[in-house]
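Visitor: I'm new to reading protein structures. Could you walk me through this one with some questions and answers?

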Amino acid sequence: MRLFYALLAALAALLLGACAGPKYTVDDGRKVDEALLANIRTFGSGERALRPAIARSAQLKDKDCDKQWELPFSVATSYDMAQDDRVAWVRALGVDERLTVVGAAPQSPLQLRDKIALIGRYPTDDAQQMLLTLAELRDDGRPFQVVLSSGKSVQVTPFQACRGYTRLAPANLPKSQDYHWLLSMHPLEVAQADLSDDEALWVVLWTQGVSEEGGARMKTFHYGTKIAGTLYNLFTIASGLQGAALAADAAIRTAQSAAAAAATEVLKKQLIDQASAYATSKLRDEVTNVAKTLTQAQVVGAMQQAAANRGALSGVAWIAATVFDKADAWALDRMEKLGANPLAGFALHQKLIEKGLAANSMVLDQERLAALGKVATARGRGDDMVAILGGFKPADLQLALGDMPLASAPRGFSYDDPLDALDSSQPYARGLIDSMLSMPVASGSKK
(Lines give C-alpha, C1' and ligand atoms only; values in the text may rest on other atoms or scores of the structure.)
Protein backbone atom coordinates (compact mmCIF):
# COMPACT_ATOMS: atom_id res chain seq x y z
CA MET A 1 0.00 0.00 0.00
CA ARG A 2 2.82 2.37 0.85
CA LEU A 3 4.36 1.66 -2.53
CA PHE A 4 1.05 2.47 -4.21
CA TYR A 5 0.80 5.86 -2.46
CA ALA A 6 4.43 6.62 -3.24
CA LEU A 7 3.83 5.93 -6.92
CA LEU A 8 0.65 8.02 -6.83
CA ALA A 9 2.54 10.93 -5.26
CA ALA A 10 5.28 10.68 -7.85
CA LEU A 11 2.70 10.68 -10.64
CA ALA A 12 0.98 13.72 -9.16
CA ALA A 13 4.28 15.54 -8.96
CA LEU A 14 4.96 14.78 -12.61
CA LEU A 15 1.51 16.03 -13.60
CA LEU A 16 1.93 19.20 -11.57
CA GLY A 17 5.34 19.74 -13.15
CA ALA A 18 3.83 19.34 -16.59
CA CYS A 19 1.08 21.83 -15.78
CA ALA A 20 3.63 24.32 -14.52
CA GLY A 21 5.74 24.05 -17.66
CA PRO A 22 5.77 26.67 -20.40
CA LYS A 23 2.70 26.93 -22.62
CA TYR A 24 3.33 27.32 -26.31
CA THR A 25 1.13 29.04 -28.86
CA VAL A 26 -1.42 26.93 -30.72
CA ASP A 27 -3.61 27.85 -33.67
CA ASP A 28 -6.90 28.86 -32.07
CA GLY A 29 -8.50 29.74 -35.40
CA ARG A 30 -8.39 33.49 -34.91
CA LYS A 31 -8.18 35.88 -37.85
CA VAL A 32 -4.60 36.83 -38.69
CA ASP A 33 -2.91 39.13 -41.17
CA GLU A 34 -3.28 37.27 -44.48
CA ALA A 35 -0.37 39.14 -46.08
CA LEU A 36 1.89 38.13 -43.20
CA LEU A 37 0.63 34.55 -43.42
CA ALA A 38 1.49 34.44 -47.13
CA ASN A 39 4.93 35.91 -46.44
CA ILE A 40 5.61 33.31 -43.75
CA ARG A 41 4.72 30.52 -46.16
CA THR A 42 6.96 32.04 -48.81
CA PHE A 43 9.76 32.28 -46.26
CA GLY A 44 9.27 28.62 -45.42
CA SER A 45 9.35 27.48 -49.04
CA GLY A 46 12.52 29.50 -49.58
CA GLU A 47 14.23 27.98 -46.55
CA ARG A 48 13.27 24.48 -47.66
CA ALA A 49 14.98 25.16 -50.99
CA LEU A 50 18.02 27.10 -49.77
CA ARG A 51 19.23 24.95 -46.88
CA PRO A 52 19.90 21.87 -49.08
CA ALA A 53 21.57 24.20 -51.60
CA ILE A 54 23.88 25.60 -48.91
CA ALA A 55 24.95 22.08 -47.98
CA ARG A 56 25.38 21.25 -51.66
CA SER A 57 27.63 24.28 -52.16
CA ALA A 58 29.97 22.93 -49.48
CA GLN A 59 30.79 19.99 -51.77
CA LEU A 60 33.00 22.38 -53.74
CA LYS A 61 35.64 22.27 -51.02
CA ASP A 62 37.07 25.38 -52.67
CA LYS A 63 40.55 26.01 -51.28
CA ASP A 64 40.66 29.55 -52.63
CA CYS A 65 37.63 31.08 -50.92
CA ASP A 66 37.29 32.29 -47.35
CA LYS A 67 35.11 30.00 -45.24
CA GLN A 68 32.23 30.22 -42.79
CA TRP A 69 30.68 27.51 -40.65
CA GLU A 70 27.14 26.49 -41.48
CA LEU A 71 24.53 24.11 -40.09
CA PRO A 72 22.57 21.48 -42.02
CA PHE A 73 19.31 23.04 -40.83
CA SER A 74 17.81 26.48 -40.22
CA VAL A 75 15.44 27.47 -37.45
CA ALA A 76 12.76 30.02 -36.74
CA THR A 77 10.94 31.07 -33.59
CA SER A 78 7.94 33.25 -32.75
CA TYR A 79 9.51 34.20 -29.43
CA ASP A 80 8.84 37.82 -28.44
CA MET A 81 6.29 38.37 -31.22
CA ALA A 82 2.75 39.72 -30.88
CA GLN A 83 0.17 37.02 -30.10
CA ASP A 84 -1.62 37.29 -33.46
CA ASP A 85 1.69 36.93 -35.27
CA ARG A 86 2.56 33.88 -33.19
CA VAL A 87 -0.66 32.23 -34.29
CA ALA A 88 0.19 33.05 -37.91
CA TRP A 89 3.57 31.32 -37.57
CA VAL A 90 1.99 28.21 -36.06
CA ARG A 91 -0.63 28.11 -38.82
CA ALA A 92 1.83 28.65 -41.67
CA LEU A 93 4.86 26.60 -40.64
CA GLY A 94 4.16 24.98 -37.27
CA VAL A 95 6.59 27.40 -35.62
CA ASP A 96 5.99 28.41 -32.00
CA GLU A 97 8.18 30.01 -29.33
CA ARG A 98 10.64 27.12 -29.45
CA LEU A 99 13.38 26.95 -32.06
CA THR A 100 11.66 25.10 -34.89
CA VAL A 101 13.37 23.66 -37.95
CA VAL A 102 12.13 25.34 -41.15
CA GLY A 103 14.83 24.18 -43.56
CA ALA A 104 16.97 21.03 -43.61
CA ALA A 105 19.58 19.44 -45.86
CA PRO A 106 19.00 15.78 -46.82
CA GLN A 107 21.58 14.52 -44.31
CA SER A 108 20.47 16.79 -41.45
CA PRO A 109 19.90 15.05 -38.11
CA LEU A 110 17.05 17.50 -37.50
CA GLN A 111 14.07 17.50 -39.85
CA LEU A 112 11.31 19.98 -40.67
CA ARG A 113 9.16 21.01 -37.70
CA ASP A 114 11.50 19.44 -35.15
CA LYS A 115 11.59 21.63 -32.04
CA ILE A 116 14.74 22.19 -30.00
CA ALA A 117 14.40 21.96 -26.23
CA LEU A 118 18.02 22.15 -25.11
CA ILE A 119 21.28 23.43 -26.54
CA GLY A 120 24.37 23.49 -24.40
CA ARG A 121 24.53 22.81 -20.69
CA TYR A 122 21.84 25.01 -19.15
CA PRO A 123 18.10 24.90 -19.98
CA THR A 124 16.37 28.17 -20.84
CA ASP A 125 13.07 29.32 -22.31
CA ASP A 126 14.76 32.37 -23.85
CA ALA A 127 14.85 31.58 -27.57
CA GLN A 128 17.24 34.45 -28.27
CA GLN A 129 19.75 33.01 -25.82
CA MET A 130 19.34 29.60 -27.41
CA LEU A 131 20.03 31.13 -30.82
CA LEU A 132 23.20 32.72 -29.53
CA THR A 133 24.34 29.41 -28.06
CA LEU A 134 23.57 27.68 -31.34
CA ALA A 135 25.58 30.30 -33.24
CA GLU A 136 28.55 29.94 -30.89
CA LEU A 137 28.53 26.15 -31.23
CA ARG A 138 28.22 26.43 -34.99
CA ASP A 139 31.19 28.77 -35.25
CA ASP A 140 33.23 26.50 -32.99
CA GLY A 141 33.03 23.96 -35.80
CA ARG A 142 32.93 20.87 -33.59
CA PRO A 143 30.05 18.35 -33.23
CA PHE A 144 27.62 19.13 -30.41
CA GLN A 145 24.46 17.67 -28.91
CA VAL A 146 20.94 19.05 -29.21
CA VAL A 147 17.91 17.73 -27.34
CA LEU A 148 14.57 17.87 -29.12
CA SER A 149 11.22 18.51 -27.46
CA SER A 150 10.49 14.81 -27.93
CA GLY A 151 13.41 14.06 -25.59
CA LYS A 152 15.59 12.67 -28.35
CA SER A 153 19.25 13.72 -28.29
CA VAL A 154 20.98 14.18 -31.64
CA GLN A 155 24.50 15.14 -32.67
CA VAL A 156 24.91 18.14 -34.96
CA THR A 157 28.04 18.57 -37.05
CA PRO A 158 28.73 22.02 -38.57
CA PHE A 159 30.25 22.16 -42.04
CA GLN A 160 32.28 24.76 -43.90
CA ALA A 161 31.15 26.56 -47.04
CA CYS A 162 32.49 29.57 -48.89
CA ARG A 163 31.94 32.82 -47.01
CA GLY A 164 28.68 34.65 -47.63
CA TYR A 165 25.59 33.51 -45.71
CA THR A 166 22.47 33.34 -47.87
CA ARG A 167 19.48 34.65 -45.94
CA LEU A 168 15.91 35.70 -46.73
CA ALA A 169 14.17 38.87 -45.58
CA PRO A 170 11.90 38.52 -42.54
CA ALA A 171 8.23 37.96 -43.21
CA ASN A 172 7.25 41.32 -41.70
CA LEU A 173 9.71 43.18 -43.97
CA PRO A 174 9.47 41.14 -47.19
CA LYS A 175 11.08 43.72 -49.50
CA SER A 176 14.23 44.06 -47.40
CA GLN A 177 17.52 43.43 -49.15
CA ASP A 178 21.12 44.07 -48.22
CA TYR A 179 24.45 42.75 -49.50
CA HIS A 180 27.57 42.37 -47.39
CA TRP A 181 30.74 40.30 -47.50
CA LEU A 182 29.53 38.25 -44.52
CA LEU A 183 25.99 37.65 -45.67
CA SER A 184 23.35 38.82 -48.10
CA MET A 185 19.67 39.24 -47.35
CA HIS A 186 17.43 38.64 -50.35
CA PRO A 187 13.85 39.96 -50.58
CA LEU A 188 11.17 37.32 -50.19
CA GLU A 189 10.10 37.72 -53.80
CA VAL A 190 13.11 35.63 -54.82
CA ALA A 191 11.48 32.67 -53.05
CA GLN A 192 8.23 33.36 -54.92
CA ALA A 193 9.88 31.88 -58.00
CA ASP A 194 9.36 28.36 -56.54
CA LEU A 195 13.09 27.71 -56.67
CA SER A 196 14.26 24.50 -58.27
CA ASP A 197 17.24 22.72 -56.74
CA ASP A 198 19.63 24.29 -59.27
CA GLU A 199 18.07 27.74 -58.98
CA ALA A 200 18.44 27.64 -55.20
CA LEU A 201 22.06 26.59 -55.66
CA TRP A 202 22.55 29.55 -58.02
CA VAL A 203 21.28 31.97 -55.33
CA VAL A 204 23.69 30.47 -52.78
CA LEU A 205 26.73 30.45 -55.08
CA TRP A 206 25.96 33.95 -56.32
CA THR A 207 25.81 35.21 -52.73
CA GLN A 208 29.16 33.58 -52.01
CA GLY A 209 30.50 35.13 -55.22
CA VAL A 210 29.53 38.63 -54.02
CA SER A 211 31.56 38.00 -50.88
CA GLU A 212 34.54 36.52 -52.68
CA GLU A 213 34.68 39.04 -55.53
CA GLY A 214 33.74 42.14 -53.55
CA GLY A 215 34.93 41.44 -50.01
CA ALA A 216 38.08 43.54 -50.25
CA ARG A 217 36.18 46.52 -51.69
CA MET A 218 33.47 46.31 -49.06
CA LYS A 219 35.95 46.05 -46.20
CA THR A 220 37.63 49.25 -47.42
CA PHE A 221 34.43 51.10 -46.57
CA HIS A 222 33.61 49.32 -43.36
CA TYR A 223 34.00 51.44 -40.25
CA GLY A 224 35.61 49.08 -37.75
CA THR A 225 36.25 45.43 -38.48
CA LYS A 226 35.41 43.90 -35.11
CA ILE A 227 32.50 41.52 -35.48
CA ALA A 228 31.13 41.08 -32.00
CA GLY A 229 27.46 41.96 -32.31
CA THR A 230 25.08 39.42 -30.84
CA LEU A 231 22.41 40.50 -33.32
CA TYR A 232 24.72 39.43 -36.12
CA ASN A 233 24.83 35.95 -34.60
CA LEU A 234 21.06 35.89 -34.23
CA PHE A 235 20.64 36.95 -37.82
CA THR A 236 23.00 34.35 -39.27
CA ILE A 237 21.54 31.46 -37.33
CA ALA A 238 17.87 32.43 -37.43
CA SER A 239 17.80 32.80 -41.19
CA GLY A 240 17.00 36.49 -40.90
CA LEU A 241 13.59 35.84 -39.39
CA GLN A 242 13.78 38.48 -36.68
CA GLY A 243 17.14 40.04 -37.46
CA ALA A 244 15.84 43.19 -39.11
CA ALA A 245 13.13 43.81 -36.54
CA LEU A 246 15.48 43.16 -33.64
CA ALA A 247 18.11 45.47 -35.07
CA ALA A 248 15.61 48.28 -35.47
CA ASP A 249 14.27 47.68 -31.98
CA ALA A 250 17.71 47.72 -30.40
CA ALA A 251 18.74 50.85 -32.26
CA ILE A 252 15.63 52.74 -31.24
CA ARG A 253 15.79 51.65 -27.60
CA THR A 254 19.47 52.39 -27.10
CA ALA A 255 19.99 55.49 -29.24
CA GLN A 256 19.10 59.03 -28.22
CA SER A 257 15.74 60.26 -29.40
CA ALA A 258 17.09 62.19 -32.39
CA ALA A 259 19.20 59.28 -33.58
CA ALA A 260 16.31 56.92 -33.01
CA ALA A 261 14.08 59.04 -35.22
CA ALA A 262 16.73 59.00 -37.93
CA ALA A 263 17.04 55.23 -37.66
CA THR A 264 13.29 54.85 -38.03
CA GLU A 265 13.21 57.00 -41.15
CA VAL A 266 16.16 55.18 -42.70
CA LEU A 267 14.48 51.83 -42.05
CA LYS A 268 11.35 53.03 -43.76
CA LYS A 269 13.34 54.21 -46.73
CA GLN A 270 15.85 51.37 -47.01
CA LEU A 271 13.85 48.34 -45.94
CA ILE A 272 10.23 49.07 -46.70
CA ASP A 273 10.24 51.58 -49.57
CA GLN A 274 13.43 50.41 -51.23
CA ALA A 275 11.64 49.11 -54.31
CA SER A 276 12.42 51.27 -57.30
CA ALA A 277 10.18 54.14 -58.40
CA TYR A 278 9.44 52.29 -61.61
CA ALA A 279 5.94 50.93 -62.12
CA THR A 280 6.31 47.57 -60.42
CA SER A 281 2.58 47.04 -60.16
CA LYS A 282 2.09 47.85 -63.85
CA LEU A 283 4.76 45.36 -64.84
CA ARG A 284 3.20 42.70 -62.63
CA ASP A 285 -0.26 43.33 -64.11
CA GLU A 286 1.12 42.87 -67.60
CA VAL A 287 2.68 39.48 -66.87
CA THR A 288 0.40 37.91 -64.26
CA ASN A 289 -0.03 34.87 -66.51
CA VAL A 290 3.38 33.19 -66.23
CA ALA A 291 2.68 31.13 -69.32
CA LYS A 292 2.22 34.27 -71.38
CA THR A 293 4.89 35.07 -73.94
CA LEU A 294 6.73 38.19 -72.89
CA THR A 295 7.18 41.02 -75.32
CA GLN A 296 10.55 42.64 -75.81
CA ALA A 297 9.22 45.80 -74.18
CA GLN A 298 8.21 43.86 -71.07
CA VAL A 299 11.61 42.19 -70.81
CA VAL A 300 13.40 45.49 -71.30
CA GLY A 301 11.16 47.16 -68.73
CA ALA A 302 11.95 44.46 -66.17
CA MET A 303 15.68 44.82 -66.81
CA GLN A 304 15.37 48.56 -66.36
CA GLN A 305 13.66 47.96 -63.04
CA ALA A 306 16.46 45.58 -62.04
CA ALA A 307 18.98 48.30 -62.90
CA ALA A 308 17.00 50.79 -60.82
CA ASN A 309 16.95 48.36 -57.91
CA ARG A 310 20.70 47.84 -58.14
CA GLY A 311 21.35 51.55 -58.40
CA ALA A 312 19.17 52.31 -55.37
CA LEU A 313 21.30 50.23 -53.02
CA SER A 314 23.22 52.19 -50.42
CA GLY A 315 25.96 51.76 -47.86
CA VAL A 316 28.09 48.62 -48.12
CA ALA A 317 25.49 47.13 -50.49
CA TRP A 318 26.31 49.87 -52.99
CA ILE A 319 29.89 48.59 -53.06
CA ALA A 320 28.62 45.02 -53.38
CA ALA A 321 26.57 46.08 -56.41
CA THR A 322 29.75 46.92 -58.31
CA VAL A 323 30.68 43.21 -58.42
CA PHE A 324 27.27 41.67 -59.16
CA ASP A 325 28.46 40.82 -62.69
CA LYS A 326 31.58 39.12 -61.30
CA ALA A 327 29.41 37.17 -58.87
CA ASP A 328 27.33 35.97 -61.84
CA ALA A 329 30.41 34.56 -63.55
CA TRP A 330 31.70 33.13 -60.25
CA ALA A 331 28.43 31.27 -59.73
CA LEU A 332 28.23 29.94 -63.31
CA ASP A 333 31.72 28.49 -63.08
CA ARG A 334 30.97 26.70 -59.82
CA MET A 335 27.60 25.44 -61.01
CA GLU A 336 29.49 23.53 -63.68
CA LYS A 337 31.96 22.17 -61.14
CA LEU A 338 29.08 20.84 -59.02
CA GLY A 339 27.41 19.20 -62.01
CA ALA A 340 24.43 21.57 -61.83
CA ASN A 341 22.81 23.41 -64.72
CA PRO A 342 25.09 26.43 -65.26
CA LEU A 343 22.24 28.31 -66.94
CA ALA A 344 20.04 28.18 -63.83
CA GLY A 345 20.72 31.87 -63.27
CA PHE A 346 19.12 32.70 -66.62
CA ALA A 347 16.17 30.45 -65.80
CA LEU A 348 15.63 32.17 -62.44
CA HIS A 349 15.97 35.59 -64.10
CA GLN A 350 13.27 34.62 -66.60
CA LYS A 351 10.90 33.14 -64.01
CA LEU A 352 11.06 36.26 -61.88
CA ILE A 353 10.39 38.50 -64.87
CA GLU A 354 7.40 36.37 -65.82
CA LYS A 355 6.02 36.86 -62.32
CA GLY A 356 6.59 40.61 -62.47
CA LEU A 357 9.24 40.50 -59.74
CA ALA A 358 12.32 42.55 -60.57
CA ALA A 359 13.19 44.39 -57.35
CA ASN A 360 15.89 41.89 -56.44
CA SER A 361 19.44 40.95 -57.39
CA MET A 362 18.52 37.75 -59.23
CA VAL A 363 16.99 39.59 -62.19
CA LEU A 364 19.82 40.58 -64.51
CA ASP A 365 20.03 44.16 -65.72
CA GLN A 366 21.41 44.97 -69.17
CA GLU A 367 25.03 45.15 -68.04
CA ARG A 368 24.93 41.84 -66.20
CA LEU A 369 22.95 40.00 -68.88
CA ALA A 370 25.42 41.06 -71.57
CA ALA A 371 28.42 40.02 -69.48
CA LEU A 372 26.99 36.68 -68.37
CA GLY A 373 25.71 36.00 -71.87
CA LYS A 374 29.26 36.24 -73.20
CA VAL A 375 30.44 33.74 -70.58
CA ALA A 376 27.69 31.28 -71.50
CA THR A 377 28.31 31.69 -75.22
CA ALA A 378 32.05 31.16 -74.79
CA ARG A 379 31.25 27.84 -73.13
CA GLY A 380 29.09 26.70 -76.02
CA ARG A 381 25.77 27.32 -74.32
CA GLY A 382 24.60 30.37 -76.27
CA ASP A 383 21.65 28.67 -78.01
CA ASP A 384 20.38 27.14 -74.77
CA MET A 385 20.64 30.53 -73.08
CA VAL A 386 18.59 32.23 -75.80
CA ALA A 387 15.94 29.52 -75.54
CA ILE A 388 15.64 30.10 -71.79
CA LEU A 389 15.34 33.85 -72.41
CA GLY A 390 12.28 33.31 -74.58
CA GLY A 391 14.16 33.68 -77.86
CA PHE A 392 15.67 37.06 -77.04
CA LYS A 393 19.41 37.48 -77.50
CA PRO A 394 21.24 39.68 -75.00
CA ALA A 395 22.64 41.74 -77.89
CA ASP A 396 19.12 42.45 -79.22
CA LEU A 397 17.93 43.50 -75.79
CA GLN A 398 20.99 45.72 -75.47
CA LEU A 399 20.05 47.48 -78.70
CA ALA A 400 16.49 47.96 -77.52
CA LEU A 401 17.77 49.44 -74.29
CA GLY A 402 20.03 51.81 -76.20
CA ASP A 403 17.07 53.98 -77.11
CA MET A 404 15.84 54.18 -73.54
CA PRO A 405 17.15 56.24 -70.62
CA LEU A 406 19.19 54.18 -68.19
CA ALA A 407 17.13 53.46 -65.10
CA SER A 408 19.29 54.55 -62.21
CA ALA A 409 22.18 52.32 -63.14
CA PRO A 410 24.62 51.56 -60.32
CA ARG A 411 27.07 54.31 -59.58
CA GLY A 412 30.64 53.72 -60.60
CA PHE A 413 32.96 52.46 -57.91
CA SER A 414 35.93 54.55 -56.93
CA TYR A 415 38.40 54.25 -54.09
CA ASP A 416 38.61 58.03 -54.20
CA ASP A 417 34.95 58.31 -53.31
CA PRO A 418 34.53 56.61 -49.94
CA LEU A 419 31.12 56.75 -48.35
CA ASP A 420 32.03 59.66 -46.10
CA ALA A 421 29.16 61.59 -47.64
CA LEU A 422 26.80 59.35 -45.71
CA ASP A 423 25.63 60.71 -42.40
CA SER A 424 27.55 58.57 -39.90
CA SER A 425 25.22 59.68 -37.09
CA GLN A 426 22.47 57.55 -38.63
CA PRO A 427 22.73 53.95 -37.36
CA TYR A 428 21.78 52.54 -40.76
CA ALA A 429 23.87 54.83 -42.96
CA ARG A 430 25.99 51.91 -44.18
CA GLY A 431 23.20 49.39 -44.37
CA LEU A 432 21.27 47.09 -42.09
CA ILE A 433 23.77 44.24 -41.94
CA ASP A 434 26.77 46.49 -41.37
CA SER A 435 25.01 48.22 -38.49
CA MET A 436 24.24 44.88 -36.87
CA LEU A 437 27.89 43.90 -36.57
CA SER A 438 28.39 45.97 -33.42
CA MET A 439 24.84 46.39 -32.14
CA PRO A 440 24.08 44.61 -28.84
CA VAL A 441 20.75 43.03 -28.06
CA ALA A 442 18.87 45.28 -25.67
CA SER A 443 18.07 43.67 -22.34
CA GLY A 444 14.60 43.26 -21.01
CA SER A 445 13.01 42.93 -24.43
CA LYS A 446 10.73 40.08 -23.51
CA LYS A 447 7.10 41.07 -23.69
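Visitor: Which side chain does E70 meet in a salt bridge?

Guide: Keep in mind that this is a predicted model. A salt bridge here needs a Lys or Arg side-chain nitrogen within 4 Å of a carboxyl oxygen of Asp or Glu. The N to O distance for E70 is 2.8 Å, and the partner is R51.

Visitor: And how many residues apart in sequence are the parts that this pair ties together?

Guide: Look at where the two partners sit. E70 is in strand β1 (residues 67–70) and R51 is in helix α2, so their salt bridge ties together parts with a sequence separation of 19 residues.

Visitor: Is R51 buried or exposed?

Guide: The cut-off for buried is under 20% relative accessible area. Its partner E70 comes in at 5%, so E70 is buried. R51 has a relative accessible area of 2%, so R51 is also under the cut-off: buried.

Visitor: Helix α2 came up there. Which strands does helix α2 lie across?

Guide: Helix α2 covers residues 34–57. It runs at about 60° to β3, and the strands it lies across are β2 and β3.

Visitor: What is the strand order in the open sheet of 5 strands?

Guide: The pairing in this sheet is antiparallel. Its edge strands, which each pair on one side only, are β2 (73–76) and β6 (153–156). On average, neighbouring strands are turned by 50° against each other, ignoring direction. Going across, the order is β2-β3-β4-β5-β6.

Visitor: Which residue in β3 is the bridge partner of S74?

Guide: β2 pairs with β3 (residues 99–104) in the antiparallel sense, over 4 bridges. For S74, the bridge partner in β3 is G103.

Visitor: Which residues of β2 point the other way from F73 and V75?

Guide: In a regular strand, side chains alternate between the two faces of the sheet. In β2, F73 and V75 point one way, and all four of the residues in question are buried. The ones pointing the other way are S74 and A76.

Visitor: Let's switch to rings. How many aromatic pairs are there, and which residue pairs with Y179 at 6.0 Å centre to centre?

Guide: The count comes to 4 aromatic pairs. In one of them, the planes are 85° apart and the geometry is edge-to-face, with Y179 at 6.0 Å from W206. Y179 is in strand β9 (residues 178–179) and W206 is in helix α5 (residues 197–220), so the pair ties together parts 27 residues apart in sequence. The partner is W206.

Visitor: Which residues do ring pairs link into a cluster with Y179?

Guide: Y179 also forms an edge-to-face pair with F324, at 5.3 Å centre to centre and 75° between the planes. That pair links strand β9 to helix α12 (residues 324–337), 145 residues apart. Y179 and W206 are each buried at 0% relative accessibility, and F324 is buried at 1%. Joined to Y179 by ring pairs, the cluster members are W206 and F324.

Visitor: Whose ring does the charged end of R334 sit over?

Guide: There are two cases to look at. The charged end of R98 sits over the ring of Y24, 3.9 Å from its centre. For R334, the distance to the ring centre is 3.7 Å, and the ring belongs to W330.

Visitor: How many salt bridges does the structure hold?

Guide: We've already met one, between E70 and R51. Another joins D333 and R379, with the closest N and O atoms 3.4 Å apart. The total is 21.

Visitor: Where does R379 lie?

Guide: Its partner D333 is in helix α12, 46 residues away. R379 counts as partly exposed, at 36% relative accessibility. R379 lies in the loop between α14 (366–378) and α15 (382–388).

Visitor: Which residues share a salt-bridge network with R379?

Guide: R379 also forms a salt bridge with E336, where the closest N and O atoms are 2.4 Å apart. E336 is in helix α12, 43 residues from R379, and is partly exposed at 28%. Through shared partners, R379 is joined into one network with D62, D333, R334, E336, K337 and R381.

Methods: Residues numbered from 1 in each chain as written. Predicted model: local features only at pLDDT ≥ 70, side-chain atom pairs only at ≥ 80, totals over all residues. Heavy atoms only, no water. Pairing = 2+ DSSP bridges. Helix = DSSP H or I, 4+ residues; strand = E, 2+ residues; numbered from the N terminus. Axes fitted to C-alpha atoms, helices over the stretch in contact; angles between N-to-C directions. Contact = heavy atoms within 4.5 Å. Phe/Tyr/Trp six-rings, centres within 6.5 Å; stacked < 30°, edge-to-face > 60°. Buried < 20%, exposed > 50% of the residue type's maximum accessible area, 1.4 Å probe, protein only. Lys NZ or Arg CZ within 6 Å of the ring centre and 35° of its normal.
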